[in-house]
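Subject: The structure we talked about

Hi,

Here is the structure I promised to pass on. Open it up first, then read my notes alongside it.

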Amino acid sequence: MRFARNPKALILAAVSGLLLVLASAGPSPAADRFRACVERFWPAAKAKGVSRKTFDRAFQGVTHDPEVIESATYQPEYVKPIGEYIDRAVSEKRIEAGKEKLIEQKALLDALEKRYGVDRHILVAIWGVESNYGTQPGDKNVISSLATLACSGTKAKFARSQLVPALKILQHGDVSLEAMNGSWAGAMGHTQFIPTTYQAYAVDWDGDGRRNIWEDIPDALASTASYLRVSKWRPGQTWGYEVRLPKRLNPRRYGHKTYKTLAQWRKLGIVRVNGEAFPRPGDKATLFAPEGTKGPAFLLLNNFRSILRYNVAKSYALAIGHLSDRLRGGGRFVRPWPTDEKRLSLEQRMELQRLLMARGVLSGDIDGIVGPDTLAAVKIYQREKKLPVDGFPSQTILNMLRKEG
Ligand SMILES: [Ca+2]
């Protein structure tokens with residue numbers, strides 16, 4: 001059973017199987033179209049050395065997966081500010097779990113640092129953010145996800161570029177078809193490599209002939225280290241520093257392409273928040289102040305740019321850098337992220353949820369995530385209070401709820 005790891009998919013498969021039997025008229029036109037679409041990938045697969053046996057085995061029982069399309073087209077109602085993203089990505093829970101991983105995997109991390117020169121705290125941080133240390137690698141079969149996207153028009157070009165590499169991985173026997181799981185977008189295993197990244201950078205660290213980033217922690221962490229190393233990681237250096245800006249300096253004047261040496265930034269009055277000197281004043285850095293003068297500011301170094309090769313979002317790279325510092329025993333950013341009418345902090349959002357629950361308009365977990373349920377609960381409250389109904393979890397709403405207790 002190919003979706004054996006995913007009980008939800010099992011039920012779905014059982015239900016759709018039952019529906020097929022009930023219809024008893026054979027596959028639907030939509031299913032026929034999907035099969036025809038899949039078959040159109042055969043010439044490209046064959047040209048790249050995929051055998052017909054692998055091809056048939058990979059697509060056996062694969063059907064269009066509407067959950068994948070749903071995820072691919074999901075537009076969040078509430079766009080997270082960077083501070084909220086960082087708070088969630090670098091949670092206390094994740095820091096604690098990461099510290100345990102540093103102990104558990106000490107021998108491996110010693111060896112990887114020696115071989116690749118990449119700091120262990122960065123490796124563990126990436127592992128933590130990508131798959132929550134392998135506990136949340138995604139439960140979608142990669143072939144099924146990629147085939148669904150490739151045949152639907154949503155992210156089709158990307159999926160088409162990944163499908164044949166995915167078949168090659170399967171053919172090589174790096175992982176079984178059943179275990180070849182990942183996110184809806186085909187990011188796979190502990191490291192969340194997409195198939196082309198896997199092909200280029202994955203490593204068989206334990207030497208068993210398979211680069212198994214799904215089931216072997218040594219292979220997975222070595223693959224991450226190898227990828228960072230070829231992304232020009234410089235051993236022994238940090239990703240960047242939180243800095244304090246002088247009053248007159250407007251950070252918006254310095255874009256992400258403005259490179260200056262740390263010494264030059266220092267001349268402009270920018271200093272580290274801990275007051276220490278920059279260890280290598282000749283290193284080139286860019287200034288990053290995502291909330292302008294209202295939040296923390298950073299000088300970003302070469303190794304930050306290496307992390308961006310892993311995932312191009314600056315918020316992601318900052319989360320990795322910060323989590324790595326926290327794993328090393330460092331503290332929170334000195335300057336807090338701004339909270340205003342538009343920005344409740346994580347604690348405030350959790351408080352809001354608790355108060356909404358106490359009123360009986362919200363149920364579920366108190367997680368600080370403003371999802372559809374929280375938005376709906378805020379709307380109910382706004383209607384009750386004859387306020388404009390937009391579902392927005394503002395400071396005003398929180399204050400009103402607090403007063404009512
Ligand atoms: Ca291996």
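Let's begin with M180. Leaving aside neighbours within four places in sequence, M180 is in contact with K140, N141, V142, A166, I169, L170, V175, M188 and W214. Keep in mind that this is a predicted model.

M180 also turns up in the largest nonpolar core, which has 81 residues. There, F55, F59, M180 and L318 are the members that touch the most others. Another core lies apart from it, with 14 residues, including L249, Y254, A285 and L301.

Next, have a look at helix α10, which covers residues 142-150. I picked out two of its residues for you:

- T148 sits in α10 and is buried, because its relative accessible area is 0%. Not counting residues up to four places away in sequence, T148 touches F34, T63, H64, D65, V68 and I69.
- A150 is in α10 too, and its relative accessibility of 0% is why A150 counts as buried. Its contacts, again without neighbours within four places in sequence, are F41, A156, A159, R160 and L163. If you want to try out the distance tool, go from the C-alpha atom of A150 to that of I213: they are separated by 24 Å, with the two residues 63 apart along the chain.

Helix α6 (residues 82-89) has its own set of buried residues: I82, G83, E84, I86 and A89. What do they pack against? The partners are the helices α7 (92-104), α9 (120-131), α16 (314-327) and α17 (346-358), plus the strand β6 (284-288).

Now for the calcium ion. Which residues supply its protein donors? They are D204, D206, D208 and D219 through OD atoms, with D219 listed twice, and R210 through its O atom. These donors lie 2.2 to 3.0 Å from the ion. Along the sequence, the donor residues follow the spacing D-x1-D-x1-D-x1-R-x8-D. D204 and D219 link distant parts of the chain: D204 is in the loop between α12 (195-201) and α13 (217-230), while D219 is in helix α13, 15 residues apart.

Are those two buried or exposed? D204 counts as partly exposed because its relative accessibility is 25%, whereas D219 is buried, at 0%.

One last thing about this site: the angles among the six donor atoms run from 47 to 162°, and the site is irregular. For six octahedral donors, the ideal angles would be 90 or 180 degrees.

Have fun exploring!

Key. Residues numbered from 1 in each chain as written. Predicted model: local features only at pLDDT ≥ 70, side-chain atom pairs only at ≥ 80, totals over all residues. Heavy atoms only, no water. Helix = DSSP H or I, 4+ residues; strand = E, 2+ residues; numbered from the N terminus. Buried < 20%, exposed > 50% of the residue type's maximum accessible area, 1.4 Å probe, protein only. Contact = heavy atoms within 4.5 Å. Core = buried A, V, L, I, M, F, W, Y, C linked by side-chain atoms within 4.5 Å. Donors = N, O, S within 2.8 Å, 3.2 Å for Na, K, Ca; no water. Tetrahedral: all angles 85-135°; square planar, octahedral: opposite > 155°, others 65-115°.
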